[in-house]
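Here is a quick briefing to read alongside your model. Take a look at the sequence and the fold, and then walk through the points below.

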Amino acid sequence: MIVLVLAGVLVLVVAGCACVVWASRGGPAWVRAVATVTLAAGELVRVSGRGDRSSGHSGDDG
């Protein structure tokens, strides 16, 4: 069952990416709408993945 859910999510992600590419080449209005939703969802995932890490982190741990 979980494999079907993950496969469905993968199909949605691939379709969203295809719509972003198609919209950048001047696709129809519904493709631009799907691309906007896809880009907004990606931005939300990116921001939420940041968590509470400080932005001033320098890589000199040792």
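A residue is called buried when its relative accessible area is under 20%, exposed when it is over 50%, and partly exposed in between. By that yardstick Cys 19, with a relative accessible area of 10%, is buried. Please keep in mind that this is a predicted model.

**Overall build**
- The protein chain has 2 helices and 0 strands.
- Of the 62 residues in the protein chain, 10% are buried.
- About 5,200 Å² of the protein chain is exposed, and carbon and sulfur atoms supply 70% of that area.

**Helix α1 and its ends**
- Met 1 sits in the segment before α1, which covers 2-24.
- Met 1 counts as exposed because its relative accessibility is 76%, over the 50% cut-off.
- The 23 residues of α1 should span 33 Å at 1.5 Å a residue, and the end C-alpha atoms are indeed 33 Å apart, so the two values agree.
- Gly 16, Cys 19 and Ala 23 are the buried residues of α1, and the buried residues of this helix pack against α2 (29-50).
- Gly 26, just after α1, takes a positive phi of about 90°.

**A nonpolar surface patch**
- Met 1, Ile 2, Val 3, Leu 4, Val 5, Leu 6, Val 9 and Val 13 form a nonpolar patch on the surface.
- Together these residues have about 860 Å² of accessible area.

**The cysteines**
- How many disulfides does a search of the whole structure find? The search finds 0.
- Cys 17 is in no disulfide, and the nearest cysteine sulfur, that of Cys 19, is 9.4 Å away; a disulfide would need the two sulfur atoms within 2.5 Å.
- Cys 19 is likewise in no disulfide, its nearest cysteine sulfur being that of Cys 17.
- Cys 17 is partly exposed at 43% relative accessibility, whereas Cys 19 is buried at 10%.

**The salt bridge**
- The count comes to 1 salt bridge.
- The side chains of Glu 43 and Arg 46 meet in a salt bridge, with 2.5 Å from N to O.
- Glu 43 and Arg 46 are 3 residues apart in helix α2, so about one helical turn separates them.
- An α-helix has 3.6 residues a turn, so residues three or four places apart point the same way.
- Glu 43 is partly exposed at 38% relative accessibility, and Arg 46 is partly exposed with a relative accessible area of 43%.

Definitions and conventions
Residues numbered from 1 in each chain as written. Predicted model: local features only at pLDDT ≥ 70, side-chain atom pairs only at ≥ 80, totals over all residues. Heavy atoms only, no water. Buried < 20%, exposed > 50% of the residue type's maximum accessible area, 1.4 Å probe, protein only. Patch = residues over 30% accessible without salt bridge, like charges linked within 9 Å, V, L, I, M, F, W, Y side chains within 5 Å. Areas by Shrake-Rupley, 256 points an atom, 1.4 Å probe, with all protein chains shown as cover. Salt bridge = Lys/Arg side-chain N within 4 Å of Asp/Glu carboxyl O. Helix = DSSP H or I, 4+ residues; strand = E, 2+ residues; numbered from the N terminus. Expected span 1.5 Å × (residues − 1). Contact = heavy atoms within 4.5 Å.
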